[in-house]
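Visitor: Could you take me through this model, one question at a time? I would like to hear the reasoning behind each answer.

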Amino acid sequence: MYDRHASIIYRYAARRAGDFAADDVTSETFLVAWEQLENYDLDRDDARPWLFGIATNLLRRHHRAEAKMLKTAAKAASREALSDDSDRIAAQVDAAVATGRIARTLKSMAAIDRETLLLYAWADLTYEGIALAMDVPVGTVRSRLNRARRALRTELDLELLDETEKDHGRLAAAPRNA
């Protein structure tokens, strides 16, 4: 199990809490898994949701490190800190500002919504996998992801396009025989 899943648990932990905590979280995840092996449901085809659930619980302990990383990313996003003498640097500034805005939004988000979003985006789990990892119904996962996405859309001033809209924000013409 370790050989098969250690690298994905490590990458998830590194994205959530940085490389400095990823080694600890990865090893602790498999230590806890070994200690709780008798509680694992052998009828499950995939151990990833169970392992991500353990890792997520351990990452809660590393919340201070995560909050510090997001705070640092938000501070690094200041436009004044970067020079603006070329298109390339302007693009870097825009990316840094966007990263800062995303980091601030993630930091201000309810921890449970942030964890659900990161399990979806960084761990590449399905809704069902997230539900197993967090021990909640799939409907709860959908609600949490909806709240997290709405917070990101609001912060980044993104509009949710309706199916009736076409390119450039113009509404589709009504059918002539309608």
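Visitor: Where is Met 1 found relative to helix 1?
Guide: In this predicted model, helix 1 spans residues 2-17. Met 1 is therefore not part of that helix, given how helices are delimited as DSSP runs, and its place is the segment before helix 1.

Visitor: Is Met 1 buried or exposed, or partly exposed?
Guide: The relative accessible area of Met 1 is 36%. Buried would require under 20% and exposed over 50%, so a value in between falls into the middle class. Met 1 is accordingly described as partly exposed.

Visitor: Which residues form a nonpolar patch on the surface with Met 1?
Guide: Patch members need over 30% relative accessible area, and Met 1 has 36%. The patch has about 340 Å² of accessible area together, and the residues that form it with Met 1 are Trp 34 and Leu 37.

Visitor: Which residue follows helix 1, and what is the sign of its phi?
Guide: Helix 1 itself has buried residues, among them Ile 8, Ile 9 and Tyr 12. The residue that follows helix 1 is Gly 18, and its phi, near 95°, is positive.

Visitor: How are helix 2 and helix 3 oriented to each other?
Guide: The axes of helix 2 (residues 19-35) and helix 3 (residues 48-61) come within 9 Å and cross at roughly 125°. Helix 2 passes helix 3 in a right-handed crossing. Angles over 145 degrees would count as roughly antiparallel and 65 to 115 as roughly perpendicular, so the two helices are oblique.

Notes
Residues are numbered from 1 along each chain as its sequence is written. This is a predicted model: local features need pLDDT of at least 70, side-chain atom pairs count only at pLDDT 80 or more; totals for chains, interfaces and linings use all residues. Side-chain values use heavy atoms; hydrogens and water are left out. Patches are made of residues with over 30% relative accessible area and no salt bridge: like charges are joined within 9 Å, nonpolar side chains (Val, Leu, Ile, Met, Phe, Trp, Tyr) within 5 Å. Accessible areas come from the Shrake-Rupley method with a 1.4 Å probe; for residues, only the protein chains shown count as cover. A salt bridge is a side-chain nitrogen of Lys or Arg within 4 Å of a carboxyl oxygen of Asp or Glu. Helices (H or I, at least four residues) and strands (E, at least two) are DSSP runs, numbered from the N terminus. Buried means under 20% relative accessible area, exposed over 50%, partly exposed in between (1.4 Å probe, protein chains only). Axes are lines fitted to C-alpha atoms, for helices over the stretch in contact, and angles run from 0 to 180 degrees between N-to-C directions. Angles under 35 degrees count as roughly parallel, over 145 as roughly antiparallel, 65 to 115 as roughly perpendicular and the rest as oblique. A crossing is left-handed if the near helix is turned anticlockwise from the far one by less than a right angle, and right-handed if clockwise.
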